[in-house]
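Me: I am new to this structure. Can you teach me how to read it, feature by feature?

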Amino acid sequence: MNITVSCHPTQGGSGIVATELSTALAHRGHQVHLVACTRPYRLAEDSGVVFHEVQIPMYPLFRYPPHDLSLANKLAGITKEFGADIIHAHYAIPHAVTALLARQVVHPQRTSIVTTLHGTDITLVGSLEEFYDLTRHAMIESDALTAVSEWLRDETMKRFRLPRPPEVIYNFVDTSRFNPTGRAPYPADGGEFHLLHASNLRPVKRVADIVRVFADVQRKLPARLTILGEGPQKGLAQELAAELNVCSRVTFTSTANDVPAMMRSAHMSLLLSDYESFGLAALEAQACGTPVAASNSGGLPEVIDHGRNGLLCGVGDVSCTAREVVSLLSDRERWEKMSAAAATLAHERFGLQAIVPLYEELYKRVLED
Ligand code: GMT
């Protein structure tokens, strides 16, 4: 098949999923074109995916550069030049809308549109009055609509009352890269535990809770924390780390060349968001054998079984999370069991080999229709 993918290329999970899916599809013999305003950082040179950068011309009359029109024009151009069976839009705003426009420009009969909802496109951006009608229209007009968890499917129906619910296709992890081979063992007596938080540090991630939980944990166990990512709450997290006197034990890093290695080096990953539609960072950590402590909210309970491959506490319940983390890390046998279960379950339930064929089947169904 010939598939054109459009996504937000930043550090957000939707761009990662789009990039990983594009790469997996290319490896499976499909022709894949990926369109974004910059090259997604996860897109490897040898991915087999053809990358197209959207150029946004400046013009004095435009107060804001019309990115979405340039994107639609680019999608139309690629469809015309290479012939696309499918345009797969990741994140409803603006990608599903621009895909509809591109299809209108070229040949309406031949190109099908698949839209994947990722979370904040429904819960935050798409629900804004300024975008609501357009988001709903684009979802209804897509030939297929998917959501990355049951929670997101239900949330979409609640907010948008669509004529048919999105189909759930869970996110996936490439276990040839994210796996426990070479992972940090349980520390020897007196050794230090490594805690990790990876996100785009937006308010929804509750980064202050991460620092608070860590401050509590390191009072009971030797530990250090890495916060991986960039975002608006970074300053707040730095200030709080100083206030709680844990600065020297907290490392802020904006990039990791080798994300799986970073995850393997951690004994525990923390994702304490208000909600996550799925929580890709949690899945990737689990695949590396790193148990995750997360909020019992959104789609996270679909990814984490409390006590089996991770820990769940209520949103904002810092003392519950710190207590659960300390209890797990203090028990070598339990931690090792949970680490192994995390990797096994990630592979079995959410491995690339299990999930990518579901997208291929969906594409086939859409084309047959
Ligand atoms: O919140 C983010 O980290 C960014 C956002 C995005 O769309 O890039 O992530 C959403 O999509 C991810 C991939 O499907 C999910 O794993 C995240 O849970 C989801 N974020 C939220 O729902 C807050």
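What follows is a short tutorial on the ligand site and the sheets.

Me: Where should I begin?

Reply: Begin with the kind of model. This one is predicted. Then go to the ligand.

Me: How many residues surround the ligand, and which are the closest?

Reply: A shell is read by listing the residues near the ligand, within 4 Å of it. Here 18 residues surround the ligand. The closest are His118, Asn171, Arg202, Glu276 and Ser277.

Me: What is the make-up of that shell by class?

Reply: Sort the residues by class. The shell has nine polar, six nonpolar and three charged residues.

Me: Which helix gives the most to the shell?

Reply: Helix α1, residues 13-27, does, with three residues.

Me: Which domains does the shell draw on?

Reply: Check the domain bounds. Domain 1 covers 2-172 + 351-368, and domain 2 covers 193-349. Each of them supplies at least three residues to the shell.

Me: How do I read the polar contacts of the ligand?

Reply: Look for pairs of N or O atoms within 3.5 Å. In the side chain of Arg202, an N or O atom is 2.3 Å from an oxygen atom of the ligand. Ser277 uses its backbone: an N or O atom there lies 2.8 Å from a ligand oxygen. Phe278 also has a polar backbone atom 3.2 Å from an oxygen atom of the ligand.

Me: How much of the ligand does the protein bury?

Reply: Compare the ligand alone with the ligand in place. Alone, the ligand exposes 480 Å². The protein buries 95% of that area.

Me: Now the sheets. What holds strands together?

Reply: Strands of a sheet pair through backbone hydrogen bonds, in a parallel or antiparallel way. Take the open sheet of six strands, with parallel pairing and the order β10-β9-β8-β11-β12-β13.

Me: Why is one side of β10 and of β13 left without a neighbour in the sheet?

Reply: Find the edges. β10 (250-253) and β13 (310-313) stand there with a single partner strand each, so one side of each has no neighbour in the sheet. Neighbouring strands of this sheet are turned by 20° against each other on average, direction ignored.

Me: Which residue stands opposite Leu271?

Reply: Ala294 in β12 does. Strands β11 (268-271) and β12 (292-295) pair in the parallel sense over three bridges.

Me: What is the strand order in the sheet of seven strands?

Reply: Read across the sheet. The order is β3-β2-β1-β4-β5-β6-β7, again in an open sheet with parallel pairing. Its edge strands, β3 (50-53) and β7 (167-168), each pair on one side only. Two bridges join β6 (144-147) to β7, and these strands run parallel. Ala147 has Val168 in β7 as its bridge partner.

Key
Residues are numbered from 1 along each chain as its sequence is written. This is a predicted model: local features need pLDDT of at least 70, side-chain atom pairs count only at pLDDT 80 or more; totals for chains, interfaces and linings use all residues. Side-chain values use heavy atoms; hydrogens and water are left out. A polar contact is a pair of N or O atoms within 3.5 Å; within protein, one must be able to donate a hydrogen and the other to accept it, and residues adjacent in sequence count only if both atoms are side-chain atoms. Accessible areas come from the Shrake-Rupley method with a 1.4 Å probe; for residues, only the protein chains shown count as cover. Helices (H or I, at least four residues) and strands (E, at least two) are DSSP runs, numbered from the N terminus. Ala, Val, Leu, Ile, Met, Phe, Trp, Tyr, Cys and Pro count as nonpolar, Asp, Glu, Lys and Arg as charged, and the others, Gly among them, as polar. Domain bounds come from an automatic or database domain assignment. Two strands pair if DSSP finds at least two bridges between them. Axes are lines fitted to C-alpha atoms, for helices over the stretch in contact, and angles run from 0 to 180 degrees between N-to-C directions.
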